[in-house]
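Reader: I am new to this structure and would like to understand how its descriptive terms are justified. Could we go through them one at a time?

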Amino acid sequence: MDAFRRKLFWGRPAAASETIRLRKRKSTLYSKGRCSTEQGAGLFGPDSYLIMFSVVLRIVNCFLVQTSFVPDEYWQSLEVAHNMKDTVQLLIWVPRLVQSLLAALADVKLYSIMKTHESTEIAKWVFFSQMCSWFTWYCSTRTITNSMEAVLTIFTLYYYPFQGTKTGNSSKYLALTAFAIVVRPTAVILWLPLLFFHFWQELKKLDLFLYKCLPVGCLTLGISLTIDRIFYGEWVMVQWNFLKFNVIQNMGSFYGSHPWHWYFTQGFPVIMGTHFPFFIHGCLLVPKKYRVLLIAVIWTLVVYSFLSHKEFRFIYPVMPFCMLFCGYSLANLKTWKKPAVCFLLVSNMSLVLYTGLIHQRGTLDVMQNVQQLCKDMLPEKDEPSLFFLMPCHSTPFYSHVHCPIKMNFLECPPDLTGNNRYIDEADLFFEEPLKWLNIRFSGQASLPTHLVFYNVIEQKIEPFLMTRGYVKTAVYFHTHLPDGRIGSHIHVYERKMLDDR
């Protein structure tokens, strides 16, 4: 029986001495070309050229954004750090270039996500959608926490355990999620549906919570508290203060409010721009495992709709998720693919150039005038002083000047005492500009040498300007879309002595 079994499985004894010739296969799975492609000849592996392309493009992006967006990109970043640097240009451009590099790496990560989970073809169109999005160009290189949150969203998504994938990198994605929440606490809104979905599909739920979620959360909170203790000089929980100020006390509404539907009717369609129809189309095509991203987008819009103070930038971190759906749409187009690509390029690049080079640039241009005043200071002349008669925080401040010139602006701190009759200094000024000026500058000695304001109030304060000897010295274009207190141009007036006139 044993002899029969050996003969059945091993064949004839003589076969062992025969030379066996293998048939050549045409498969390219292990070919030299494929191996070299997979390993990549570059320093960064197979995506070396993509990384270099993305970095170059984001640096170009950085220098093509020469306009202002929101006060926070200066007053919550550069203004805080202006004492740490010796030159204006270093302070202005280094943080933005760093943000540009991070944005470029995030772009490549978004490509890698789709290449890993789907295919190179899908990844290519998702990458294209990301790179030509006008709002991504407008925000990605700015020094606002929303831009960093969007970058961290992509890095976190790279390690997220989608349905049907292994959860081996749960610790990494949980750590990045925690870091994003520390950077901007509202990041928890976007990630809450994904965290819940991960917990729901995890078989060992208790282990996930005890050995991953809890240690990561405690460690991140501890590091955050320690850093804040060092800089504030006392124990402060910034995340709680953020929640208390913006949600519980609703102090954000002090800076403006919108109707509940604003994000659905204006905010989201505007930031998506011409990508919007492709986003809708892609929602119908993506595999089931990506529906959690759509749920996260809708959930974020709904939650933010309950807050009275709304801004476009608040929902910017959902853009990477949306680009995934847009990429699916483009990848599945057949006849209309080339026209669609041309349409997206032309429409988005037009907005990129207009919003980056033209719209709302006056508040930055006028600071160059202030820099020149510093350079032109002479011992025999009075030291220049400026007063910005504009909505508070309209312009950058010492971060863009960096010299000890005296500057003041209309202040608008929120009332923390609960006084219903509280009116800030800026509101008092715009109610009666001429009266406010005559009271504030009742004596000649207190007059600033320069006044800076939007053209919309020029006629209202003209009597004050004439009687106090102010002469227009510069005009800067700001926007084609003036709105309320914000005019189309910024005027600079200088006080001339009688013998100079």
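Reader: Why is C326 called buried?

Author: In this predicted model, the relative accessible area of C326 is 1%, and because the word buried is used for values under 20%, C326 counts as buried.

Reader: What makes C326 a cysteine without a bond to C322?

Author: The closest cysteine sulfur to that of C326 belongs to C322 and lies 6.8 Å away; a disulfide needs the two sulfur atoms within 2.5 Å, so the sulfur of C322 is too far for a bond.

Reader: How do you know that C374 and C403 are joined by a disulfide?

Author: Their sulfur atoms are 1.9 Å apart, and since the cut-off asks for sulfur atoms within 2.5 Å, the pair qualifies as a disulfide. The link connects distant parts of the chain, with C374 in helix α18 and C403 in the loop between β1 and β2, 29 residues apart. Both cysteines, C374 and C403, are buried.

Reader: What makes C392 and C412 a disulfide as well?

Author: The sulfur atoms of C392 and C412 are 1.7 Å apart, and because the limit is 2.5 Å, this pair also meets the rule. C392 sits in the loop between β1 and β2 and C412 in the loop between β2 and α19, 20 residues apart in the chain. With 75° about the S-S bond, the link of C392 and C412 is right-handed. By this rule the count comes to two disulfides, and when the bonded cysteines are numbered in sequence order the pairing reads 1-3, 2-4.

Reader: Why is strand β3 described as mostly covered?

Author: Five of the five residues of β3, which spans residues 450-454, are buried. H450, V452 and Y454 point one way from the strand, while L451 and F453 point the other way. This fits a general pattern, in which the side chains of a regular strand alternate between the two faces of the sheet.

Reader: Which strands pair with β3, and in what sense?

Author: Strand β1, residues 385-389, pairs with β3 in the parallel sense over four bridges, and F387 stands opposite L451 there. Strand β5, residues 489-495, runs antiparallel to β3 and is joined to it by five bridges, with L451 standing opposite Y493.

Reader: How do you know that D47 and K115 form a salt bridge?

Author: The closest N and O atoms of D47 and K115 are 3.9 Å apart, and as the rule asks for a nitrogen within 4 Å of a carboxyl oxygen, the pair is counted. D47 lies in the loop between α2 and α3 and K115 in helix α5, so the pair ties together parts that are 68 residues apart in sequence.

Reader: Why are the two partners, D47 and K115, given separate labels for accessibility?

Author: D47 has 14% relative accessibility and counts as buried, since that value falls under 20%. K115 has 32%, which lies between 20% and 50%, so K115 counts as partly exposed.

Reader: What makes D72 and R313 a link between separate parts of the chain?

Author: D72 and R313 form a salt bridge, with their closest N and O atoms 2.6 Å apart. D72 is in helix α4 and R313 in the loop between α15 and α16, so the bridge ties together parts that are 241 residues apart in sequence. Both D72 and R313 are buried, and together with E311 they are linked in a network of salt bridges.

Reader: Why is F127 called buried, and what is it in contact with?

Author: F127, which lies in helix α6, has 9% relative accessibility and therefore counts as buried. Leaving aside its neighbours within four places in sequence, F127 is in contact with L50, F53, S54, D107, V108 and Y111.

Reader: Why is C132 called buried, and which residues does it contact?

Author: C132 has a relative accessible area of 3%, and since this is under 20%, C132 is buried. Apart from neighbours within four places in sequence, the contacts of C132 are W137, H275, L344, L345, N348 and M349.

Methods
Residues numbered from 1 in each chain as written. Predicted model: local features only at pLDDT ≥ 70, side-chain atom pairs only at ≥ 80, totals over all residues. Heavy atoms only, no water. Buried < 20%, exposed > 50% of the residue type's maximum accessible area, 1.4 Å probe, protein only. Helix = DSSP H or I, 4+ residues; strand = E, 2+ residues; numbered from the N terminus. Pairing = 2+ DSSP bridges. Contact = heavy atoms within 4.5 Å. Salt bridge = Lys/Arg side-chain N within 4 Å of Asp/Glu carboxyl O.
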